[in-house]
Amino acid sequence: MSTSQPELKRKLGLAAAIALGVGTTIGSGIFSSVGEVAGAAGSALFVVLSFLIGGLIMIPQNMVYAELSTAFPEDGIFYVYLREAGSKPLAFLSGWISFWATDPPGIAIMALAVANYLAYFTGFSPLVVKLVSVALIVGFTLLHMCRMEAGAKWQTFITAFKVLPFVVLIGMGLFYMRGEYLTIPAQAGMPTGILALLAGISATTWSYDGMYSACVMGGEIKNPHRNLPLALLSTVFIITILYTLLATAVTGLLPIADLATSDAPVAAAAANIPIIGSSAGTVTAILAIIVVLGSLSSLIMFQARIEYAMAKDGLFFKSFAKVHPKWETPYFSMIMQSSLAIILVFASNISDLLGYFTLIALFRSTITFATIYWLRKKSDYQPTYKMPCWQLTTFLAIASTMILLVSTFLWAPIPGLIAAAVCAGTGLPAYYFWNKKNQVDPA
């Protein structure tokens, strides 16, 4: 590729990097996961411990990402790390599934979630919900594509803004909570013992997914050798504290049996706060709109960078590597990502489809962590941050991901395997096509 082509610039500071991680991770899942964890853990104490331990076991994962990101401070995360470890086919497949199976569907689901929460107030018809979803995707794409620095400021603002209501809810919840709810033992038929705690921890892990988001834009973070590790570790501590305190407040407001059976556990708990009372549903819907809006914005901001990195290496459609000369963003990659998301807005069962490909996404994370074992043997591997006790830390990162991988496989084994076969069956021929084309025409 010609060196005259415009390149992405390092424009994002530490605050924006933290906002990406926190803004992506705190999504709609937390509104239902508290109830799921309650059902798995069986007691209030175990619910609180599940969120605390669930956050702490994410620290090794973020430490691995911190080391990899300072060794390769580029856009592309999984693709770049696997490529540098010497596995170009796996690197390609990681980006292939990102574009076709996980990233645009994730955007579509988030946009639909915001529109559906808005419909709680407006009574939007199903068609209008989809049109509002499209408008949200288009609006955020234009913002992050045409005004990246303004988009980063918006992302930082919306992340801080969506954390604030959580803080208020936690403060009020802790003030009005009933201490006896926290000491109620598990009722007959509910899980108990260490297996219940392990089940609860496993149920929290989805709520912590997404903290690596700043690494996807590693090539656009200022002073990445300092800011990326700080952002990754700050993100895990902020979210762990927030979730643990929220779990404490919610379990202190609602008996564990009611929490485990509620379809809207946060709203049900908030209804027991005198100041909120009957307005709990409205308050929770407003909070959900703010929270998911921030996640949607974050996804649109960073995800297209993976295909951009692949295209730069000649392993994806060439146009995806284009950088706008004025906006200095990968505009074509962003347009195509959002276009596919808009198409998926009108698809049915998109959540199930994304769930089936989750098995492959977890495998991608597992092998990404494992690259440390190969990279540490290379003489040119020179991260500026090296995790402590790297072998143990890497093992813990892999083990925590494997727990999710196994549980996901047990949830939908056949669809998961079919999704894996589709990924390999389409991705490998595409890889060999582009790789052969590069060998014939290296330019």
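A residue counts as buried when its relative accessible area is under 20%. With a relative accessible area of 0%, Thr204 therefore falls on the buried side of that cut-off. The model looked at here is a predicted one, and Thr204 is a handy place to start reading it. Thr204 sits in helix α10, which covers residues 193–204. The side chain of Thr204 reaches back to the backbone oxygen of Ile201, at 2.7 Å. Setting aside neighbours within four places in sequence, Thr204 is in contact with Val37, Ser50, Phe51 and Gly54.

Some of these partners turn up again where helices α2 and α3 pack. Helix α2 takes in residues 29–41, and helix α3 takes in residues 44–56. The axes of α2 and α3 are 9 Å apart, and the packing angle is about 120 degrees. That angle makes α2 oblique to α3, and the crossing of the pair is right-handed. On the α2 side, the residues that meet α3 are Ile30, Ser33, Val34, Val37, Ala38 and Ala41. On the α3 side, Phe46, Val47, Ser50 and Phe51 meet α2. Sorted by class, this contact has 8 nonpolar and 2 polar residues, with no charged ones. Val37 of α2, along with Ser50 and Phe51 of α3, takes part in this contact, and these three residues are also among those that Thr204 touches.

Helix α3 has another partner in α12, a helix that runs over residues 224–253. Here the axes come within 9 Å and cross at roughly 175 degrees. Angles over 145 degrees count as roughly antiparallel, so α3 and α12 are roughly antiparallel to each other. From α3, the contact draws on Ala44, Val47, Val48, Phe51, Leu52, Gly55 and Leu56. From α12, the residues are Val236, Thr240, Tyr243, Thr244, Ala247, Thr248 and Thr251. By class, the contact of α3 with α12 has 9 nonpolar and 5 polar residues, and again no charged ones. Val47 and Phe51 of α3 meet α12, and both residues also meet α2.

Val236 of α12 deserves its own look. At 1% relative accessibility, Val236 counts as buried. Not counting residues up to four places away in sequence, Val236 touches Gly55, Met58, Ile59, Asn62 and Met211. Gly55, one of these partners, belongs to the α3 side of the contact with α12. Val236 and Gly27 are 209 residues apart along the chain, and their C-alpha atoms are separated by 15 Å.

Elsewhere, helix α1 (residues 14–25) packs with helix α8 (residues 148–176). Their axes come within 9 Å and cross at roughly 50 degrees, so α1 and α8 are oblique to each other. The crossing of α1 and α8 is left-handed. In α1, the contact is made by Ala15, Ala16, Ala19, Val22 and Gly23. In α8, the contact is made by Ala152, Gln155, Thr156, Thr159, Lys162 and Val163. By class, this contact has 6 nonpolar, 4 polar and 1 charged residues. The charged residue is Lys162 of α8.

A few residues in the loops are worth a stop as well. Ile77 lies in the loop between α4 (59–71) and α5 (78–84). Although Ile77 is not a glycine, its phi is positive, near 40 degrees. Ile77 is buried, with a relative accessible area of 0%. Asn223 also has a positive phi, of about 40 degrees, without being a glycine. Asn223 is found in the loop between α11 (213–216) and α12. Unlike buried Ile77, Asn223 is partly exposed, with a relative accessible area of 43%.

Phe317 belongs to yet another loop, the one between α16 (305–312) and α17 (331–345). Its relative accessible area of 39% makes Phe317 partly exposed. Leaving aside neighbours within four places in sequence, Phe317 is in contact with Trp100, Ala311 and Trp434. Phe317 and Leu143 are 174 residues apart in sequence, and their C-alpha atoms are 24 Å apart in space.

Technical notes. Residues numbered from 1 in each chain as written. Predicted model: local features only at pLDDT ≥ 70, side-chain atom pairs only at ≥ 80, totals over all residues. Heavy atoms only, no water. Axes fitted to C-alpha atoms, helices over the stretch in contact; angles between N-to-C directions. Helix = DSSP H or I, 4+ residues; strand = E, 2+ residues; numbered from the N terminus. Parallel < 35°, antiparallel > 145°, perpendicular 65-115°, else oblique. Left-handed = near helix turned anticlockwise from the far one by under 90°. Contact = heavy atoms within 4.5 Å. Buried < 20%, exposed > 50% of the residue type's maximum accessible area, 1.4 Å probe, protein only. Polar contact = N/O pair within 3.5 Å; in protein donor to acceptor, adjacent residues only side chain to side chain.
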